[in-house]
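Colleague: Please take a close look at one part of this model for me. I would like the aromatic residues and the strands that carry them, in one connected account.

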Amino acid sequence: MRNRTAAVVFGAVLATTAAVAADEGYGFQFTNASGGPATIVVDGKTVCVMAAGGHCSVTVKADDHDYAYTLGAGAPVSFSVGNPEMADQCKIDASGAHCVDTLGHATN
């Protein structure tokens with residue numbers, strides 16, 4: 001009975017840890033290589049404003065769906081980060097947004 005109780009408690013701790021991680025979201029870095037100011041918007045909320053050459057950290061949750069960036073005063077451009085769990089760096093340049101995983105493989 002003692003081992004069974006310990007297993008239940010351990011399982012509850014693991015479930016709580018996973019829930020906390022999901023609530024916190026997934027973080028990755030953006031680099032602005034566009035030559036001008038850039039803004040990142042997730043589900044209609046501005047999450048990052050970068051000057052030319054700037055960087056910022058973005059955290060998204062699994063239930064975030066719409067990603068867009070604007071260059072200067074331009075219109076929003078939709079993009080995909082691919083799998084948010086895998087993306088770890090994204091770069092915005094004149095040709096779009098490019099996200100890669102820790103091994104440098106494109107996630108979008």
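**The aromatic cluster and its strands**

Modeller: Start with the pairing of two strands: β5 and β6 run antiparallel and are joined by 3 bridges. Keep in mind that this is a predicted model. Within that pairing, Y69 stands opposite V77 of β6.

Now place the two strands in their sheet. The sheet is open, has 4 strands and follows the order β3-β2-β5-β6, with antiparallel pairing. Its edge strands are β3, residues 45-50, and β6, and each of these pairs on one side only. On average, neighbouring strands of this sheet are turned by 25° against each other, direction ignored.

Next, the rings. Searching the whole structure gives 4 aromatic pairs. One of them is Y67 with F79: the centres are 6.0 Å apart, the planes stand at 45°, and the pair is tilted. This pair links distant parts of the chain. Y67 belongs to strand β5, residues 67-71, while F79 belongs to strand β6, residues 77-79, and 12 residues separate the two. Y67 is buried, and F79 is buried too.

F79 also pairs with Y69. Here the ring centres lie 5.8 Å apart and the planes meet at 55°, so this pair is tilted as well. The cut-off matters for that label: only planes over 60 degrees apart count as edge-to-face. Y69 sits in β5 and F79 in β6, so the pair ties together parts 10 residues apart in sequence. Both of its members, Y69 and F79, are buried.

Put the rings together. Y67, Y69 and F79 belong to one aromatic cluster, which also takes in F28 and F30.

What does the stretch around F28 and F30 pair with? Strand β1 covers residues 26-32, and it pairs with β4 in the antiparallel sense over 6 bridges. One residue contact fixes the register: G27 has T59 of β4 as its bridge partner.

Strand β4, residues 55-60, shows two faces. C56, V58 and V60 make up the covered face. H55, S57 and T59 make up the uncovered one. That fits a general rule: in a regular strand, side chains alternate between the two faces of the sheet. T59, the bridge partner of G27, is therefore on the uncovered face of β4.

To sum up the part you asked about: F28, F30, Y67, Y69 and F79 form one cluster, and F79 in β6 pairs with Y67 and with Y69.

Methods: Residues numbered from 1 in each chain as written. Predicted model: local features only at pLDDT ≥ 70, side-chain atom pairs only at ≥ 80, totals over all residues. Heavy atoms only, no water. Phe/Tyr/Trp six-rings, centres within 6.5 Å; stacked < 30°, edge-to-face > 60°. Buried < 20%, exposed > 50% of the residue type's maximum accessible area, 1.4 Å probe, protein only. Pairing = 2+ DSSP bridges. Axes fitted to C-alpha atoms, helices over the stretch in contact; angles between N-to-C directions.
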